[in-house]
Amino acid sequence: MGFLRRLFGAGKSSADTGPGQEIGRVEDYFAKVGVIAFRAGRAIEVGDRIRVEGHTTGFSQKVKSIQIDHEAVERARRGASIGIKVGKRCRRGDRVYKIAS
């Protein structure tokens, strides 16, 4: 393990690499505006950290904005269909996790 760690680097902190709680799956990705749409399985707020994981996707970021029916909101309840602006490309079916702060 030490050899691989030295060869490939120590990696990210456990907060960035740990999957956390799954809050949904990407239902749609809007490339022009960089927004993912999904149904929230748990409550989520602006300022929370999320991680998006898929076959070719894997990144984490802080939630800067949430929209419900084209209206900006500070938090979304479980079951709401929401849109979140993301910094990287995502694909339908990618899993969205909420990372514990």
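In the predicted model, 32% of the 101 residues of the chain count as buried. The chain exposes about 6,900 Å² of surface, and carbon and sulfur atoms supply 50% of that area. The secondary structure consists of two helices and eleven strands. Along the sequence these elements follow the pattern α-α-β-β-β-β-β-β-β-β-β-β-β, with both helices preceding the strands. Contacts between residues far apart in the sequence are also present: of the contacts with a separation of 6 or more, 63% join residues 24 or more positions apart.

Charged side chains provide individual examples of such pairing. A search of the whole structure yields six salt bridges. One of them joins Glu 22 and Arg 95, whose closest N and O atoms lie 3.0 Å apart. This pair links distant parts of the chain, since Glu 22 belongs to strand S1 (residues 21–25) and Arg 95 to strand S11 (residues 95–99), 73 residues apart. Both partners are partly exposed: the relative accessible area is 32% for Glu 22 and 30% for Arg 95. Together with Arg 25, Glu 22 and Arg 95 are linked in a network of salt bridges.

Another salt bridge is formed between the side chains of Asp 28 and Arg 92, with an N to O distance of 3.5 Å. Here, too, distant parts of the chain are linked: Asp 28 is in strand S2 (residues 28–30), while Arg 92 is in the loop between strand S10 (81–85) and S11, 64 residues apart. Asp 28 is partly exposed at 28% relative accessible area. Arg 92, at 62%, counts as exposed, because its value is over the 50% cut-off.

The side chains of Arg 51 and Glu 53 also meet in a salt bridge, at 2.6 Å from N to O. In this pair, Arg 51 has a relative accessibility of 8% and therefore counts as buried, the cut-off being under 20%. Its partner Glu 53 is partly exposed, with a relative accessible area of 26%.

Empty space at the protein surface was examined next. Rolling a probe the size of a water molecule over the atoms shows where such space is left. The largest pocket contains about 320 Å³ of space. It is lined by 14 residues, of which Val 35, Gln 67, His 70, Ile 82 and Gly 83 are the closest to its centre. Strand S3 (35–39), strand S7 (66–68) and S10 each supply at least two lining residues. The largest share, five residues, comes from S10. By class, the lining comprises seven nonpolar, five polar and two charged residues.

The backbone has notable phi values at Asp 69 and His 70. Most residues other than glycine have a negative phi. Asp 69, although not a glycine, has a positive phi of about 50°. For His 70, also not a glycine, phi is positive at about 65°. Asp 69 is found in the loop between S7 and strand S8 (71–73), and His 70 lies in the loop between S7 and S8 as well. Asp 69 is exposed, with a relative accessibility of 66%. His 70 is likewise exposed, at 76% relative accessible area, and is one of the lining residues closest to the centre of the largest pocket.

Methods
Residues numbered from 1 in each chain as written. Predicted model: local features only at pLDDT ≥ 70, side-chain atom pairs only at ≥ 80, totals over all residues. Heavy atoms only, no water. Helix = DSSP H or I, 4+ residues; strand = E, 2+ residues; numbered from the N terminus. Buried < 20%, exposed > 50% of the residue type's maximum accessible area, 1.4 Å probe, protein only. Contact = heavy atoms within 4.5 Å. Areas by Shrake-Rupley, 256 points an atom, 1.4 Å probe, with all protein chains shown as cover. Salt bridge = Lys/Arg side-chain N within 4 Å of Asp/Glu carboxyl O. 1 Å grid on protein atoms, 1.4 Å probe; cavity = no way out; pocket = protein on both sides within 12 Å on 5 of 7 lines; lining within 4 Å. Points joined across faces, edges and corners; volume = space filled by probe spheres on them. Nonpolar A, V, L, I, M, F, W, Y, C, P; charged D, E, K, R; others polar.
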